[in-house]
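Thanks for coming. I have one model to go through today, and I will keep to what can be computed from its atoms.

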Amino acid sequence: VHMSCVLQGVWALLLGPYLFTLCIPLDCTEEQGSPSRCPSISQEKLLDRVIQHAELIYRVSEESCSLFEELFVPFPFRLQRNQVGYTCITKALPIPSSKSEIQQISDKWLLHSVLMLVQSWIEPLVYLQTTLDQYDNAPGMLVNKTKWVSEKLISLEQGVVVLIKKMLDDGTLSTANSDQGQFQYDVPPEMLESVMRDYTLLSCFKKDAHKMETFLKLLKCRQTDKYNCA
């Protein structure tokens, strides 16, 4: 039995329970296909559902990143993803980073920060699926996980848009992110450089997925216990 087959079986057992946790679509649309304010679901339940999706996306992204590192990244290079040349694609976005900044921003900016992060990662994750298909020994589990997260990210985007409209009654919200096009599709580099680039993408996405989850949970806390949210 090849080691890759064994790894696929192990990861299938580990991740299986998470993949089918959320069977209900996060978004809700009218017959015309335009997002509605979801009158059939309360704001509280919608926020809970959005948080569940964010939690699951982060969990799977964390495990996918670890698997990629174990399979493809030589140990001496595992600390180099933070060096010059391997910066995260969302670094330039106006996303609060320090605890004090996060505590001071409004609910509206919390949601818009999540939306900016989500939209910034849709195209890079589609690209990552393509590059992983080119790896000789990439387990199907890793490729499928990337595709699954990419699909869930689109669902999360739809849910956040509906939540913004529901909470803020912002009927003029634009879902287009002007920074989406900053991800560059370069000529395929040498193998090690390609591995490090993909490793950086996975690592940065894991970091941003954690931010999405954190921002949404802070928003939930503000809805229930405004003065005791750390």
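I will start with the overall make-up, then take two of the helices, then the salt bridges, and end with three single residues.

First, the ground rules. This is a predicted model, so local features need pLDDT of at least 70 and side-chain atom pairs count only at pLDDT 80 or more, while totals for chains, interfaces and linings use all residues. Residues are numbered from 1 along each chain as its sequence is written, and side-chain values use heavy atoms, with hydrogens and water left out.

The overall make-up. The protein has six helices and zero strands, and from the N terminus the order is α-α-α-α-α-α. Helices here are DSSP runs of H or I with at least four residues, strands are runs of E with at least two, and both are numbered from the N terminus. Of the 230 residues, 46% are buried. Buried means under 20% relative accessible area, exposed means over 50%, and partly exposed is in between, with a 1.4 Å probe and protein chains only. The accessible surface is about 12500 Å², and carbon and sulfur atoms account for 53% of that. Those areas come from the Shrake-Rupley method with a 1.4 Å probe; for residues, only the protein chains shown count as cover. A contact means heavy atoms within 4.5 Å. Taking contacts between residues at least 6 apart in sequence, 85% join residues at least 24 apart.

Now the two helices. Helix α4 covers residues 107-132, which is 26 residues, and its first and last C-alpha atoms are 37 Å apart, close to the expected 38 Å. The expected span is 1.5 Å times one less than the number of residues. Where does α4 bend? The bend is at I122, by about 30 degrees, and a proline, P124, follows within four residues. The bend at a residue is the angle between axes fitted to the seven residues ending there and the seven starting there. In α4, 20 of the 26 residues are buried, so the helix is largely enclosed by the rest of the structure.

Helix α5, residues 140-168, has 29 residues; at 1.5 Å a residue these should span 42 Å, and the end C-alpha atoms are indeed 42 Å apart. Here 21 of the 29 residues are buried, so α5 too is largely enclosed by the rest of the structure.

Next, the charged pairs. Side chains of opposite charge can pair when their charged atoms come close. How many salt bridges does the structure hold? There are six, a salt bridge being a side-chain nitrogen of Lys or Arg within 4 Å of a carboxyl oxygen of Asp or Glu. I will show three.

One is K220 with E44, at 3.6 Å from N to O. K220 lies in helix α6 and E44 in helix α2, so this pair ties together parts 176 residues apart in sequence. K220 counts as buried, at 19% relative accessibility, and E44 counts as exposed, at 52%.

K220 also forms a salt bridge with D48, at 3.0 Å from N to O. That pair again links α6 to α2, with the two positions 172 residues apart in the count along the chain. D48 is partly exposed, with a relative accessible area of 30%.

Then there is E55 with K217, whose closest N and O atoms are 3.0 Å apart. E55 is in helix α2 and K217 in helix α6, so the pair ties together parts 162 residues apart in sequence. Through shared partners, E44, D48 and K220 are joined into one network.

Last, three single residues. S61 is in helix α2, residues 43-72, and is buried at 4% relative accessible area. Leaving aside neighbours within four places in sequence, S61 contacts F205, K206 and A209.

D208 sits in helix α6, residues 191-224. What is the nearest side chain of opposite charge to D208? That is K211, at 4.0 Å, and D208 is buried yet has no salt bridge. For charge, Lys and Arg count as positive and Asp and Glu as negative; His and the chain ends are not counted. Beyond four places in sequence, D208 is in contact with T90, L117 and W121.

L192 is also placed in helix α6 and is partly exposed, at 38%. With residues up to four places away not counted, L192 touches P74 and F77. L192 and F77 are 115 residues apart in sequence, and their C-alpha atoms are 9.5 Å apart.
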